[in-house]
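Please open the structure in your viewer and keep the selection tool at hand. The tour below moves from stop to stop, saying what to select and what is found there.

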Amino acid sequence: MIRTLLGVQAKILKHTMETNKTGTNVSHVIIGFVVILFLLFALNIVTSLPAAYDAGLVELLFSYVFMMMLGLILLMGVPQVFKHLYASRDLTFLFTLPIKVSHIFWVKYIQSFLNIPAALFVVTFLPGLAYGLHAGVHGYFYPALLIVTLAMPALGVAAAYFINMGLVHIIPAKRANELMTVMSAVSGVLVYGMFQLPNLLAEPGSDMALPTGLLPEMPAWLPMSWGASALTSAMAGEVSFLLPTAGLAVAAAGLSFAASALVEKGFRSGWIQLNEGKNKKKKAGEKGRRFKVGSPVAEIGWKEWRYMKRDIREWLIFMPFVFLFIFMGFGYTAGGSSVAAFRELDPVLSWTAVQVAALFIYAFFNGSLSASFVAREAGSTWMLHVLPLTGVKIACGKLWMSWLIPFLPVSVLQMTAGILLGWPVSFFLLGLVLSALISPALSALGIWTGAIGGKYNPSNPQNRLQFAPSLLMLALSYVYVVLTLIPVLLVVVPAESAGLFEQVAGGGIIGGSASAAASLLQLKLTNSALVMALSVLVFLFLTIGTCVAFLYLAGRRIEQGIQVSMPDSKE
């Protein structure tokens, strides 16, 4: 029966590809092209490594590669597993058929494995295979590599299934909308804890002698260490590789079958609990309450804010932001470090580093958030045509709120960093002005991207862009940030630093960039006022011009009519 169900899933996938929109199939081709490029890049790196290797260093690197693999599976796989277990539209039909629940479970398990875990298997197995051939390792390495790189994803998928089937009974059914948020939060906490395990469990003085000196040795009882030990032993031709390899395979298989043993309680009853309906209670409205309508541009922004407040899932986009700053900051202080070491740095250097980090955060969040403001209009796109407003005014209404929501928390973090690092007041103000000028264009870019490639899925609110437009938006966002940073750094970096760039100057992208930077700094050394004035003008042209251009394009697109892709829409 499992084979039959897998055949049905394959036919569904085939028919879906045949009836998909052209843009969707193109996005799949782009994904495959990106994966191939990444593989070629990884293969180029591993084949350029020296054939001679240090066993301890290779074992440590293998263990961290496997830790990253499990971390990615938990971070992205836990919400994906929830979707396969409880949000698949075919479950309503499958549960009415005379099919064992365990068979349905194994089909969903295989479906989950053939997603992100299978891709991670490919991008780890092939480079590992290439490195083994390049280094001329023992033949034991190749079967061990196959087993270990298959067992690691299976272990991660089984853990993701346990997490989902456990939490679905803790969260009440009336909070089903928030369950996806909880899943993402739990996966983020687990990944953070996984990356902190080496720091928390490492013994003093156990750091490996790496160029960075920052990687602690992995505890031997972790499955990542088992896989790394198996591979390094197999590379040397030692028969002892069999024990950790077999242990890892047994652990992956055992955890997978243990998850399948919970299908009756964790799978079917959990699905029933989530689909039994919500307790909807109408709130008594306040009598005599009056609403004052402001300007149309302001009201459009407030409308988006009220929508976000109603559904906690809309805030999922900020989940990586929370983990990045709160958990990473906690991990840094827990590691015995102090802010005093950073306070000794040059304030210009610390200010520049914080601003660069803030701008890349804006590049990641602003576009996605503003694009969701457009994609949310999926059921009311007709209304945009009857409003007595131009497309540019509608875009401006969405722009100011999508810009303000990330600007406030990032500004608070910038100010906190400034207080801890001892910046002068002028640095605070300059950082706020810099962010206020650069970030609106990113929001305008997101509004335009949402207008040309929006997607609406009520069960997954944070996914509001089709793949190809989202890739375009991400690329344009980072290109824009890099271009705007050039005049900023030209103003901030001292002209005397030209000699440092001249030492790196040469061929290639890095060498050419260093050569151009040295030439500009030399010009700044001789004509400081001219270079500073031109840098400010170029900066204002890039920021204001980009924002106005994308607002105009988004407004034109809104006036022409936007089409938001729906889950069931087919051409």
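At what angle do helix H15 (residues 347-375) and helix H17 (residues 391-421) pack, and how far apart are their axes? Select both helices in this predicted model, and you will find them packed at an angle of about 160 degrees, with axes 9 Å apart. Angles over 145 degrees count as roughly antiparallel, and H15 and H17 are therefore roughly antiparallel to each other. The crossing that H15 and H17 make is right-handed.

To look at the contact between them, show the side chains on both helices: on H15 the residues that take part include Ser350, Val354, Ala358, Ile361, Tyr362 and Phe373, while on H17 they include Met401, Trp403, Ile405, Pro406, Phe407 and Leu421.

Keep H15 selected and add helix H18 (residues 425-453), whose axis comes within 7 Å of the axis of H15, the two crossing at roughly 25 degrees. That angle makes H15 roughly parallel to H18, and the crossing of H15 and H18 is right-handed.

**The whole chain**

Now zoom out and colour the protein chain by secondary structure, which comes to 22 helices and zero strands. If you colour by accessibility instead, buried residues make up 42% of the 571 residues in the chain. Contacts across the sequence can be considered in this view as well: among those between residues at least 6 apart in sequence, 83% join residues at least 24 apart.

**Aromatic rings**

How many aromatic pairs does a search of the whole structure find? The search finds 13 of them, and one to select is the pair of Phe62 and Phe66, which is stacked, with 6.4 Å from centre to centre and 15 degrees between the planes. Phe62 and Phe66 are four residues apart in helix H3 (residues 55-86), and are therefore separated by about one helical turn. Phe62 is buried, with a relative accessible area of 17%, and Phe66 also counts as buried, at 2% relative accessibility.

Next select Phe121 and Phe125, whose ring centres are 5.4 Å apart and whose planes lie at 15 degrees, so this pair is stacked. Phe121 and Phe125 sit four residues apart in helix H6 (residues 116-135), a spacing of about one helical turn, and both of these residues are buried.

For a last stop among the rings, select Trp106, Tyr109 and Phe257 together, since ring pairs link these three residues into a cluster.

**Cysteines**

How many disulfides does the count come to? The count comes to zero, and Cys396 can serve as an example to select: Cys396 is in no disulfide, and the nearest cysteine sulfur, that of Cys547, is 7.8 Å away. A disulfide needs two cysteine sulfur atoms within 2.5 Å, so the sulfur of Cys547, 7.8 Å from its closest cysteine sulfur in Cys396, is too far for a bond. Cys396 counts as partly exposed, at 23% relative accessibility, whereas Cys547 counts as buried, at 12%.

**Two residues with partners far along the chain**

Return to helix H17 and select Val392, which is found in that helix and is partly exposed, with a relative accessible area of 32%. Now add Arg556 to the selection: the C-alpha atoms of Val392 and Arg556 are separated by 7.2 Å, although the two residues are 164 residues apart along the chain. Leaving aside residues up to four places away in sequence, Val392 touches Leu551, Tyr552, Gly555 and Glu559.

Is His385 buried or partly exposed? Select His385, which lies in helix H16 (residues 381-386), and you will be looking at a partly exposed residue with a relative accessible area of 46%. His385 and Glu559 are 174 residues apart in sequence, yet they are 6.8 Å apart in space, C-alpha to C-alpha. With residues up to four places away in sequence again left out, His385 touches Ile558, Glu559, Gln560 and Gly561. To end the tour, select Glu559 itself, which is touched by Val392 and also by His385.

Note on methods:
Residues numbered from 1 in each chain as written. Predicted model: local features only at pLDDT ≥ 70, side-chain atom pairs only at ≥ 80, totals over all residues. Heavy atoms only, no water. Phe/Tyr/Trp six-rings, centres within 6.5 Å; stacked < 30°, edge-to-face > 60°. Buried < 20%, exposed > 50% of the residue type's maximum accessible area, 1.4 Å probe, protein only. Axes fitted to C-alpha atoms, helices over the stretch in contact; angles between N-to-C directions. Parallel < 35°, antiparallel > 145°, perpendicular 65-115°, else oblique. Left-handed = near helix turned anticlockwise from the far one by under 90°. Contact = heavy atoms within 4.5 Å.
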